[in-house]
Amino acid sequence: MPGSTSSSRATPRITAAWLKAAPLGKVFAALTAGGAGVRVVGGAVRNTLLERAVTDIDLATTAQPADVMLLAKAAGLSVYPTGIGHGTVTVVADDVPYEVTTLRRDVETDGRRAVVAFTTDWSADAGRRDFTINALFSDADGTVFDPVGGLADLAARRVRFIGDAHRRIREDYLRILRFFRFTAEYADGAPDADGLAACTALKDGLASLSAERTGAEMMKLLSAARAGEMCAIMDGAGLLGLVLGGTTYPDRLMHLQAIEAALGVTAEALTRLAALALDDASDAAGLARRLRLAKADADALQSAATVNPGVDPAVPELEAKVAIYRLGPDAYRRAVLASWARSSDAATDPAWKSKYRLAELWRAPAMPFGGGDVLALGVAAGPRVGVILKAFEDWWIGQNFPADTAAQRGHLIALAKRD
């Protein structure tokens, strides 16, 4: 099995608990036992250098996929050919999965997919990746390898395409959205000028992407710390409308981010999407289809975009309680945030803040009675049972959800006795 070849320059070592974890050590040992070169690549190295959390650990190797599988099995590890056509297998050690991909170079690309050939050249593999900060490698002892200048860009908080930006984008047009997402997550200041110019020039390529890929990347972008700034830049470059298919409001998204910061709440992509792209709920279903959102996410987007009078700071508290009761606390909070973002009121407005916090201070009670309770009072089964329950619920809500069980039952009995 061939060893590695590399023209990359070694840098000082990194230290991290994940790098010394026993399961990862077993994978390194299994592959190097056959003479292969193995390194961690991408996000785990990048995030460790930035002192950010590491969630996924991906490995690159000079070993061919079939050899990776043989070596892993010989070491007693489980292995699955999850993407073997592109050189990726999943190796599981102590119930921890690791994606292991053979070094590659592109033979042919069409803007969505690539035909690859395997290689043993680390620099060639790095050169086909998207951004310099994603082409950092680390071996088992923490030595970092930087073939394309990622360390300098990381230090400068800059997201830059590897080599020619136009070429990188033509290889996969999703990299347009990834450029803005990674800039929103990892960069300071304005986007890299060359990258922005290339994304703008090639924006029509976004139409070739699947809705699933576009939607998943857009939701990641909306979760980023600088999502509003990047969406404003995308909007100015004519990109955002191509993705979302309608009028967009980056100023509302930035207002929502200021509200989130003032409240100290964690950003939620669906609420941000509602603020960015929806005036009301009428277009929510179409936008959810455009981005291929799951049904639960589509429902959440719908509730966030609905203009609900109960969340208005000017209405009595009881109406807000009714909204919490009808929507549930999570949907209520989304609706408050989206409506607040659409308003011109300050991010520190006390009335809006009070309306938002109500869902934390007041828990909606459950409807006290069901159909069986009405039947137990001698009412015959049929539509009248539902009419009685609806009349009771209207009374109960109108009385501000009284908890007095005697009063509740007395009113239910009175409704049941009516003709």
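Asp58 stands opposite Glu99, a residue of strand β6. This pairing belongs to a predicted model, so please read everything below in that light. The strand on the other side of the match is β3, residues 58–61, which runs parallel to β6, residues 96–102, with four bridges joining the two.

Strand β6 also pairs with β5, which covers residues 88–93; here the sense is antiparallel and the bridges number six. Within that pairing, Val89 has Val100 of β6 as its bridge partner. How many residues lie between β5 and β6 in their hairpin? There are two, and Asp94 in the turn has a positive phi of about 50°. If you are following side chains along these strands, keep a general point in mind: in a regular strand they alternate between the two faces of the sheet.

**The nonpolar cores**

Moving on to the interior, the largest nonpolar core contains 87 residues, and Val40, Leu244, Leu273 and Leu301 have the most contacts inside it. The helix that gives the most to this core is α7, residues 174–186, with eight residues. A second core, separate from that one, has 34 residues, among them Ala320, Ala341, Trp362 and Phe369.

Leu244 is a handy residue to click on. Leaving aside residues up to four places away in sequence, Leu244 touches Met218, Leu273, Leu276, Ala277, Leu287, Arg290 and Leu291.

**Two cysteines without a bond**

The count of disulfides in the model is zero. The table shows how this looks for two of the cysteines.

| Cysteine | Closest cysteine sulfur | Sulfur distance | Relative accessibility |
|---|---|---|---|
| Cys199 | Cys231 | 13 Å | 0% |
| Cys231 | Cys199 | 13 Å | 0% |

Why does Cys199 form no disulfide with Cys231? Their sulfurs are 13 Å apart, which is too far for a bond, because a disulfide needs the two sulfur atoms within 2.5 Å. Cys199 counts as buried, and Cys231 counts as buried too.

**A buried arginine**

Is Arg226 buried or exposed? Arg226 is buried because its relative accessible area is 14%, and the cut-off for buried is under 20%. In the chain, Arg226 sits in the loop that links α9 (211–222) with α10 (227–236).

What surrounds Arg226? Not counting residues up to four places away in sequence, Arg226 touches Thr183, Ala184, Ala187, Asp188, Gly189 and Gln257. With Ala187 there is a polar contact: a polar atom of the Arg226 side chain lies 2.7 Å from the backbone oxygen of Ala187.

Notes. Residues are numbered from 1 along each chain as its sequence is written. This is a predicted model: local features need pLDDT of at least 70, side-chain atom pairs count only at pLDDT 80 or more; totals for chains, interfaces and linings use all residues. Side-chain values use heavy atoms; hydrogens and water are left out. Two strands pair if DSSP finds at least two bridges between them. A nonpolar core is a set of buried Ala, Val, Leu, Ile, Met, Phe, Trp, Tyr and Cys residues joined through side-chain atoms within 4.5 Å. Buried means under 20% relative accessible area, exposed over 50%, partly exposed in between (1.4 Å probe, protein chains only). Contact means heavy atoms within 4.5 Å. A polar contact is a pair of N or O atoms within 3.5 Å; within protein, one must be able to donate a hydrogen and the other to accept it, and residues adjacent in sequence count only if both atoms are side-chain atoms.
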